[in-house]
Amino acid sequence: MGSIKMSEKYRAFGLFLIFVFSSASVYASSPSVSLSAEIFRLQTIASGSSANSHSALERHNAFMSLARLHRLSGNAQGTLAAFEGALSLFPADGRTLLEYGRFLVSVGEYERAAASVAAFMQTNPARDSLIEGWHLAAEIEAFGFGNLHHLSVLAAEGEFAHLHSGILYTLWRLSGSDAYRARLVSSFPQSPEALIAAGQVSFAATPLWILFPGRDSIALAPQAASPPIAASPPQAVSTPTASPSISGRFLQAGLFSQEVNARTFAEQLTRAGFNSHVITRNINGRNHWAVGVGGGNDENAMLRSLQAAGFQAFPVQQ
C-alpha cells in the first residue's frame with residue numbers, strides 16, 4: 001500500500017511538472033511586444049502605407065490607439081498628432097472630439113479645447129452628449145480662465161447629478177472654499193473624491209486631476225488610524241502667497257495657469273474700481289495665479305459690489 005501511495009504521489013508530481021513545462025512553452029511561444037514595435041505597427045496602419053489595405057475606420061482606430069499609447073508614455077506631441085490624424089478621417093466623431101478636448105485641457109491648451117468641445121456639441125445633439133459637453137466646457141472655464149460660475153450652476157442641476165461629486169471636488173480644489181468640501185463629504189461620502197477630500201486616500205499627481213481621470217490611480221494612504229470622514233480636518237490643498245496689503249479675506253475672482261492672463265484680468269478689476277491683487281497658488285505641484293480683492297471689514301458687501309460689476313468671486317483661505 002505504501003508503494004502505491006508513493007507511486008500516486010510521484011504521478012501527481014509528474015503531471016504537475018508536465019503542466020509547468022507545457023505552460024512555459026506556451027508563454028515562450030508568445031513573446032511580449034515592445035512599445036516601439038506596437039507604435040510602429042499602429043503608425044503603419046494609420047498612415048495607410050502597409051501592404052494590406054485598411055479601411056478608414058481601421059485607420060481611425062489605429063490613430064486612437066496611438067493617442068492612448070503616446071499619452072501613457074508622456075509623448076504630448078505624438079498624442080496631438082494621433083488625435084489630429086483621427087479627426088482628419090472622421091472630423092465629426094463625437095468620442096474623438098471629446099477625448100481630444102480633454103487632452104488639450106491636460107496640456108493647458110484651453111482655447112483649443114473649448115473649440116473642440118463646441119464642435120463636439122454641434123455634431124452630437126443627443127442629450128447625453130450635450131451634458132458631457134456642457135460639463136467639459138464648464139471645467140475649461142473654471143480651470144483655464146478662472147470662471148467658476150458655470151461649474152457652480154451645474155452643481156445644482158439634477159441632470160448632472162452623476163457628475164456632482166467630481167464637480168464639487170473641482171470647485172473645492174480651485175476655490176479653496178471648505179463649503180464645497182463639506183458638501184462633497186456629506187453628500188457623497190463613499191465617492192473617491194470625498195475620500196480624497198477627507199484625507200483617507202491619496203492619488204497620483206496628474207495634469208488632468210481637474211477632470212479626475214485619477215480614479216484609476218487612487219492608492220491607499222499609509223495605513224494609520226483614519227478618523228471618520230465627518231471628523232477629518234480640512235486639508236490645505238493649495239497654498240496661496242498673499243500680499244500683506246490685502247485687507248480681510250482674499251476674494252478670488254479668477255484663477256489662471258499663465259501669469260500674463262492673470263495680470264490682464266487684474267487690470268480689468270482695477271479699471272472697474274477695485275484694488276486688485278495677484279497671488280501665487282500652488283495646486284497639485286503647479287503654479288497658478290489667483291486674482292481678487294481683499295474682503296475688508298464687510299466681506300459680503302464687497303462680494304455684492306463685485307457681482308454688480310460682473311465679477312464672480314469666492315472667499316478663499318490665505
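Mentor: Before we look at E4 and E6: two strands pair if DSSP finds at least two bridges between them, and strands (E, at least two residues), like helices (H or I, at least four), are DSSP runs numbered from the N terminus. This is a predicted model, where local features need pLDDT of at least 70, side-chain atom pairs count only at pLDDT 80 or more, and totals for chains, interfaces and linings use all residues. Residues are numbered from 1 along each chain as its sequence is written, and side-chain values use heavy atoms, leaving out hydrogens and water.

Trainee: What makes E4 and E6 a pair?

Mentor: They share six bridges, in the antiparallel sense, and the definition asks for at least two, so they pair. Leu251, for instance, has Val293 in E6 as its bridge partner.

Trainee: Why is Gln252 called buried?

Mentor: Gln252 sits in strand E4 (residues 250-256). Buried means under 20% relative accessible area, exposed over 50%, partly exposed in between (1.4 Å probe, protein chains only). Gln252 has 3%, so it is buried.

Trainee: What does the side chain of Gln252 reach at 3.2 Å?

Mentor: The backbone oxygen of Leu174. A polar contact is a pair of N or O atoms within 3.5 Å; within protein, one must be able to donate a hydrogen and the other to accept it, and residues adjacent in sequence count only if both atoms are side-chain atoms.

Trainee: How do you know that strand E6 is mostly covered?

Mentor: In E6 (residues 286-294), seven of the nine residues are buried.
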